[in-house]
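Thank you all for coming. I would like to take you through one model this morning, going from its helices to its sheet and then to a pocket.

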Amino acid sequence: MFYRLMKMIVGPVLRLFFRPWVEGQEHIPERGPAILASNHLSFSDSFFLPTVVPRRITFLAKSDYFTGRGVKGRLTAAFFKGVGQLPVDRSGGRASEAALNAGLKVLREEQLFGIYPEGTRSPDGRLYRGKTGIARLALESRAPVIPVAMIDTEKIQPPGKVVPKIMRVGIKVGEPLDFSRYEGMEDDRFILRAITDEIMYALMELSGQEYVDTYAADAKKQLDEARKQAAAAKAAEKGADAAAHEDAEPAAGRGDADGSDRPAA
């Protein structure tokens, strides 16, 4: 109910201001289960895709959105629950297994399930290595995987920006990928990696993004560390300049006091 209400309210607003264009929408089945595997450039990705797809899409959302405190936290949690998003703990292990089971439940109910194989938003607009959970989900559910490329969404709402820039965005939907040839091999990590890489290659072809063979989460950590080091170096440089300035002032003062810098009479 709330999902339909949000589509009726948010959908027209997004179409009016951002005029999203769509290619390949015919690849999304009118009925039956399917996994929509999308690149992830912006927080707004989970809003634009449901806007252009008539059927309900259930996404996994990071658990932080459901556990916030205060008025803002409660409103955020209520919103994500209302639109049918499922909380996922991205710490791995049993948390990943719980996320997989949640996705399987959605697909067994003949619904569309949306997932970001990169696991988190791209920190710089490039496409990063996919996590193999999507491959296991595809094999266990036997649902087709449909690659979806979000175009330019990172330009309207980069990480940390609240108010989006008004501009047009796009969505490209690729042909369904069938992995039935690997049925019964969901415990083979090499098969899972091969399937995931095939999905990421399809996303790279659709989106035109540069591919980076490392995880986005690791890239974010490296960028954060680089920023911290740059900030520390800048602070140290400022401290050294300030110390040099302080040392120079007393020296000049002593010269005037003893008359050593005065011209001879």
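Let me begin with a definition, since the first point rests on it: a helix here is a DSSP run of H or I that is at least four residues long, and helices are numbered from the N terminus. Please also keep in mind throughout that what you see is a predicted model.

With that in hand, look at helix α5, residues 133-141, where E140 and R136 lie four residues apart and are therefore separated by about one helical turn. The side chains of E140 and R136 meet in a salt bridge, at 3.9 Å from N to O, and since a salt bridge is counted within 4 Å, that value falls inside the cut-off. E140 is partly exposed, at a relative accessible area of 30%, and R136 is partly exposed too, at 23%. The buried residues of α5, by contrast, are I134, A135, L137, A138, L139 and S141. Just after α5 comes R142, which has a positive phi, near 60 degrees.

A second pair sits in helix α8, residues 216-257, where D224 and R227 are three residues apart and so are again separated by about one helical turn. These two residues, D224 and R227, form a salt bridge whose closest N and O atoms are 2.9 Å apart. D224 is partly exposed, with a relative accessible area of 38%, whereas R227 reaches 51% and counts as exposed, because the boundary for that word is set at over 50%.

Which residues are joined into one network by salt bridges that share partners? They are D124, R126 and E210. Within that network, D124 forms a salt bridge with R126, and the closest N and O atoms are 3.1 Å apart. D124 is partly exposed, at 36% relative accessibility, and R126 is likewise partly exposed, at 29%. For the structure as a whole, the count of salt bridges is 10.

Let me now turn to the sheet. It is an open sheet of seven strands with mixed pairing, and the order of the strands is β1-β8-β7-β2-β5-β3-β4. At its edges are β1, residues 21-23, and β4, residues 86-88, each of which pairs on one side only. If direction is ignored, neighbouring strands of this sheet are turned by 25 degrees against each other on average.

Two helices that pack on this sheet deserve a mention. Helix α2, residues 45-52, touches β1, β2, β3, β7 and β8, and its direction makes about 175 degrees with that of β3. Helix α7, residues 189-207, touches β2, β7 and β8, and its direction makes about 35 degrees with that of β7.

Within the sheet, I would like to follow strand β2, residues 34-38, which is joined to β7 by four bridges, the two strands running parallel. On the other hand, β2 is also joined by four bridges to strand β5, residues 112-115, and here too the strands run parallel. The residue L36 illustrates both pairings, as L36 stands opposite I146 in β7, while its bridge partner in β5 is G114. Strand β7 in turn pairs with strand β8, residues 170-173, in the antiparallel sense over four bridges, and there I151 stands opposite G170.

Why can we call β7 largely enclosed by the rest of the structure? Seven of the seven residues of this strand, which spans 145-151, are buried, and that is the reason for saying so. Both faces are covered, with V145, P147, A149 and I151 buried on one side and I146, V148 and M150 buried on the other.

Finally, a word on empty space. Rolling a probe the size of a water molecule over the atoms shows where such space is left. The second largest pocket holds about 330 Å³ of space. It is lined by 13 residues, of which L14, F43, F47, Q157 and P164 are the closest to its centre. The elements giving two or more residues to this lining are α1, residues 2-18, and α2, and the largest share, four residues, comes from α1. Helix α2 is thus a link back to the sheet, since α2 lines this pocket and also packs on the strands described earlier.

Key
Residues numbered from 1 in each chain as written. Predicted model: local features only at pLDDT ≥ 70, side-chain atom pairs only at ≥ 80, totals over all residues. Heavy atoms only, no water. Buried < 20%, exposed > 50% of the residue type's maximum accessible area, 1.4 Å probe, protein only. Pairing = 2+ DSSP bridges. Axes fitted to C-alpha atoms, helices over the stretch in contact; angles between N-to-C directions. Contact = heavy atoms within 4.5 Å. 1 Å grid on protein atoms, 1.4 Å probe; cavity = no way out; pocket = protein on both sides within 12 Å on 5 of 7 lines; lining within 4 Å. Points joined across faces, edges and corners; volume = space filled by probe spheres on them.
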